[in-house]
Amino acid sequence: MQLKKKLGIVWKKRSAVSVAISNVILASAVITVSFVVLFWAQSKSSAYNQQFSEAMDSDIAKLKERLAFEYVYYDKDKSNLTVYLLNCGTIDNITIKTVYVYFSNNGTPVKVFSSPILTHFNGAQIEDQDLDRGEEGCFTLTSLSLMTGVSYSVRVITGRGSTFDYTFIA
Amino acid sequence: MITHSLHRKDFRKLIVNPKGFSSVIGTTFMVLVMLVLATSIFLWTLSKNTEYFQAMKEKNQLEMDRLNERLSTENVNYTVSGDVVSVEVNLKNEGSLPVHLTTLWVLDTTIRKYGFNDTLNINLKPGEILTIKGTEAIKVFIEGANNTHIFSSWFITARGNAVPLEKESGIIVAQVSAGIGAIAMNFNKFKYYNVSKVGSSYILNNYPQGGIGYVITQPASGGIAFEVSLINFDPGKRTITLYSSSVLFTVFPVLPQQPRGSMWYIVNVNTNGVISNTYTPIQLAYGVETSVFFASAVELKEGNVFSPAKAEYTGTAPVNIALVGKIGNDYYGQNIPFTSVYIKNP
């Protein structure tokens, strides 16, 4: 009743209407801008979250990776180096990205191989080209001339970026 | 009460004169937005960090477990049949964690070929001892493998450890064998017998007990026979065949410038102590202690028949056991010179 009376007064004395409208518009604009800022900040922070999450997940996955070298055999007649591996980590899908062979005494690289073909120990190719938990697999590096009796190292770099080294005598 | 009244006054003032009201709302919103965002990012980052540290902890635990695996192996033996190497071994889990063996690798170092058996599923509880032998021996295919070859092998555990199969005694024996010969004599089983003729056969008296071979009483008649216990320790595990020309001989220092000798050629003795008239080559299988008898005055070949031998002299004499024959397919000879005897008259 009192509000109705006040509105009636405002209607009769129209001098204050513009002030009220302007205040309403200003408040609305501020609220709108605030929401826009909120959504923008939200989207920015979620992009950051996404990036951080990916980096963190990748690091965690790398931590869980572990490859054991069961045997490294150099066939001097065929100039082939066969590397036998076991995934003894706690994560599946370990892929082999790059393999380096280098002199173990001074680190001088001998040869670099990209994405060697993974096979089971019986020679059959591994379909998904990765090693799951507890899975064994091997790859053969061809055309590799090594000196018999010399110590070399083989470095395996996985798809997730973990590195595993093993030293052997050719 | 006074503060509350002042706030009410301020609020009324703001209603009456709403200038700056929007700024208050804007600021409030901004603060709220910042608070919400900061809190959510902080909490989320915290959870991610926790996840990371959890993974790190798990990795460290795995690494610790891997380092704490303790598996010992002993009595390793390799037997080759065809191209299949059978590995016998005694395993003991000396660690505090269970061990799961997944693969056995065998390397034939003689021909530099290798094989593996990745169908193992051996679980050992802490402190558990497992003997793998006989029909349970682990079989590995290696093309061209042979009993005479030298092997090395290792197990792979599920945690990624390699456990070598140690053959400690084998290494020592191999070194000694390479240095002084493949045949060893058991000095605790050096015996002698008096030989007497019963009917048309010669027999060993008091067979198989005999007497200690180091002090011998010369019999009035008949002869003397020696029993020597030999073991083949050839690292290549080849069988040694002894020819009829293998002889046990002594040198008596009768006078410094005139040593005298007596000799006893190798003979065959049956389970009743009867000496055979002819000689069939004796074979020494790897690692098997075999009794070999020396009793004949002549080498039992080309129609020669057994004739008892005795010491022609008395006193102290060094004994040499000169063995000739074949090791595997190669000729072989070895002299065992470490014994001496004292022969006295009755």
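Student: How many helices and strands does chain A have, and in what pattern do they follow along the sequence?

Tutor: In this predicted model, chain A has two helices and seven strands, and, read along the sequence, they run α-α-β-β-β-β-β-β-β.

Student: How should I read contacts by their separation, and what share of those in chain A joins residues 24 or more positions apart?

Tutor: Take the contacts with a separation of 6 or more as the reference set; in chain A, 56% of these link residues 24 or more positions apart. As for burial, 19% of the 170 residues in chain A are buried.

Student: How many residues does each chain bring to the contact between chains A and B, and which element of chain B gives the most?

Tutor: Two residues are in contact if their C-beta atoms lie within 7 Å, and by that criterion 28 residues of chain B are in contact with 30 residues of chain A. On the side of chain B that touches chain A, helix H2 (21-67), strand S3 (99-108) and strand S4 (113-117) each supply at least two residues, with H2(B) giving the most, 18 residues. By class, that side of chain B has 18 nonpolar, four polar and six charged residues.

Student: Which residues touch the most other members of the largest nonpolar core?

Tutor: This core has 47 residues, and those touching the most other members are Val83(A), Leu85(A), Val85(B), Val87(B), Leu104(B), Val106(B) and Val140(B); its largest share, six residues, comes from S3(B). Leaving aside neighbours within four places in sequence, Val85(B) is in contact with residues including Tyr78(B), Val106(B), Val140(B) and Phe151(B). A second, separate core of 43 residues includes Tyr193(B), Phe233(B), Leu248(B) and Ile321(B).

Terms used
Residues numbered from 1 in each chain as written. Chains lettered and ligands numbered in written order. Predicted model: local features only at pLDDT ≥ 70, side-chain atom pairs only at ≥ 80, totals over all residues. Helix = DSSP H or I, 4+ residues; strand = E, 2+ residues; numbered from the N terminus. Nonpolar A, V, L, I, M, F, W, Y, C, P; charged D, E, K, R; others polar. Core = buried A, V, L, I, M, F, W, Y, C linked by C-beta atoms within 7 Å. Buried ≥ 20, exposed ≤ 12 C-beta atoms within 10 Å, placed from the backbone.
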